[in-house]
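The following exercises concern the arrangement of domains in a protein and the surroundings of selected residues. Please work through each task before reading its solution.

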Amino acid sequence: MVLGLGTGSTAKHAVDRIGELLRLGKLKNIVGIPTSKKTQEQAISLGIPLSDLDHHSTIDLAIDGADEVDPHLNLVKGRGGSLLREKMVEGTCKKFICIVDESKLVKHLGGSGLAMPVEVVPFCWKFTANKLQNLFEDSGCVAKLRNDSKGKSFVTDNGNYIVDLYLKKDIGDLQVASDAILRIAGVVEHGMFLDMATTIIVAGELGITIKNK
């Protein structure tokens, strides 16, 4: 079985558990495809066999977290900075299980008021950020370059920057918005994962809820 290994605080627990089950002999004959350098390092330290999309173009199952989930199981991901590799891996899997707590549930994407990430090339990033902000002007969009903990531009595993979009209103048709973002020269990928998750596992005060597509 080929597993897509997600990135972030939630996915870290899943990767730890996979490593533990392998060590106990309860899990065998699996190979992992990591979605970031951080997850790759974690998996190696746990003894999880790894490969990549060049050798496994179809993935059986991916497990990851999300930053937002709307009622149609569309997601916002990438606040951890790994959205491009996550989308490449999770876009080619037969099943994509997303694990969140109930605070991540929103009425519409961008509804939390937190970042909607867009990965952009560093070249003239301000030009690209202005284009993105103007694109969603009617939704009260503010585009900001993401900085790291040292106050310098955050750099992704792919050597790119991230422009975070902060939205005050619903952006409407998500597919139309997606297409418009990707048409901007300088944009690499965005953090909307549309029609990709097959199962959402939601942890809440009253227990676990499972939502299937």
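Three exercises with worked solutions follow.

This is a predicted model, in which local features need pLDDT of at least 70 and side-chain atom pairs count only at pLDDT 80 or more, while totals for chains, interfaces and linings use all residues. Residues are numbered from 1 along each chain as its sequence is written, and side-chain values use heavy atoms, with hydrogens and water left out.

**Exercise 1. Describe the division into domains and the area buried between them.**

Step 1. The protein comprises domain 1 (2-104 + 194-212) and domain 2 (116-189); these bounds come from an automatic or database domain assignment.

Step 2. Taken over C-alpha atoms, the centres of domain 1 and domain 2 are 24 Å apart.

Step 3. Contact (heavy atoms within 4.5 Å) links 15 residues of domain 1 with 14 residues of domain 2.

Step 4. The buried area (accessible area, 1.4 Å probe, that two parts lose on being put together, summed over both) is about 1,200 Å² between domain 1 and domain 2, with 60% of it on carbon and sulfur atoms. On the side of domain 1, L83, L84 and L194 lose the most area to domain 2, together 42% of what that side buries.

**Exercise 2. Identify the polar links between the domains and the helix that contributes most on the side of domain 1.**

Step 1. Between domain 1 and domain 2 there is one salt bridge, defined as a side-chain nitrogen of Lys or Arg within 4 Å of a carboxyl oxygen of Asp or Glu.

Step 2. K87 and E189 form a salt bridge, with their closest N and O atoms 3.2 Å apart.

Step 3. Helix α3 (residues 83-90) gives the most to the side of domain 1 that touches domain 2, namely four residues. Helices (H or I, at least four residues) and strands (E, at least two) are DSSP runs, numbered from the N terminus.

Step 4. Buried means under 20% relative accessible area, exposed over 50%, and partly exposed in between (1.4 Å probe, protein chains only). The buried residues of α3 are L83, L84, E86, K87, V89 and E90. Because six of the eight residues of α3 are buried, α3 is largely enclosed by the rest of the structure.

**Exercise 3. Characterise the environment of L75.**

Step 1. L75 belongs to strand β5 (residues 75-76).

Step 2. L75 counts as buried because its relative accessibility is 0%.

Step 3. Not counting residues up to four places away in sequence, L75 touches several residues, including A66, F96, C98, L109, M192 and I200.

Step 4. S139 lies 64 residues from L75 along the chain, and their C-alpha atoms are separated by 18 Å.
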